[in-house]
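Please look through the chain shown here before reading on. The text goes from the overall fold to single residues.

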Amino acid sequence: SGVSVGKTKKIYESPNTISKVLSEINLKKDKVELIEIGNYEKIGKDYDIWYRVKINEFEGWFYGGIKL
């Protein structure tokens with residue numbers, strides 16, 4: 001699906017893959033503050049949750065793949 005590769009996540013403006021990509025983060029290195037847990041969505045073979053997060057000076061959404 002191209003949503004994420006390994007521990008790196010694309011940060012989207014809205015919780016969908018057609019919105020603007022704001023940045024990419026590394027979940028192991030970047031300090032990420034969870035703001036909101038969004039809806040489940042099926043993308044390709046994956047069925048996971050959108051997460052709204054704050055990273056440094058901006059906010060955005062990424063898709064799945066974290067353990068709370």
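The paragraphs below take up the fold, the aromatic rings, one loop residue and the charged side chains.

This is a predicted model. The chain has 0 helices and 6 strands, and along the sequence the order reads β-β-β-β-β-β. Of its 68 residues, 26% are classed as buried. The surface that the chain exposes comes to about 4700 Å², and 45% of that is supplied by carbon and sulfur atoms. How far along the sequence do contacts reach? If one takes contacts between residues at least 6 apart in sequence, 32% of them join residues at least 24 apart.

Aromatic side chains are the next topic. Searching the whole structure gives 4 aromatic pairs. Tyr12, Trp50 and Tyr63 are joined by ring pairs into a cluster.

Tyr12 also leads to the loop residue Ser19, since the two are in contact. Ser19 sits in the loop that runs between strand 2 (8-12) and strand 3 (21-26). Is this loop residue buried or exposed? Its relative accessibility is 13%, and buried means under 20%, so Ser19 counts as buried. Once neighbours within four places in sequence are set aside, the contacts of Ser19 are Tyr12, Glu13 and Ser14. With Ser14 there is also a polar approach: the side chain of Ser19 comes to 3.0 Å from the backbone oxygen of Ser14.

The charged side chains come last. How many salt bridges does the structure hold? There are 2. One of them is between the side chains of Arg52 and Glu36, with an N to O distance of 3.5 Å. Arg52 belongs to strand 5 (residues 46-55) and Glu36 to strand 4 (residues 32-43), so this pair ties together parts of the chain that are 16 residues apart in sequence. Arg52 also forms a salt bridge with Glu59, where the closest N and O atoms are 2.6 Å apart. Glu36, Arg52 and Glu59 are thus linked in a network of salt bridges.

How accessible are the members of this network? Arg52 has a relative accessible area of 28% and is partly exposed. Glu36, at 34%, is partly exposed, and Glu59, with a relative accessibility of 35%, counts as partly exposed. Values in this class lie between the limits of 20% and 50%, which means that these three residues are neither buried nor exposed by the cut-offs used. Ser19, by contrast, is buried at 13%.

Definitions and conventions: Residues numbered from 1 in each chain as written. Predicted model: local features only at pLDDT ≥ 70, side-chain atom pairs only at ≥ 80, totals over all residues. Heavy atoms only, no water. Phe/Tyr/Trp six-rings, centres within 6.5 Å; stacked < 30°, edge-to-face > 60°. Helix = DSSP H or I, 4+ residues; strand = E, 2+ residues; numbered from the N terminus. Buried < 20%, exposed > 50% of the residue type's maximum accessible area, 1.4 Å probe, protein only. Contact = heavy atoms within 4.5 Å. Areas by Shrake-Rupley, 256 points an atom, 1.4 Å probe, with all protein chains shown as cover. Polar contact = N/O pair within 3.5 Å; in protein donor to acceptor, adjacent residues only side chain to side chain. Salt bridge = Lys/Arg side-chain N within 4 Å of Asp/Glu carboxyl O.
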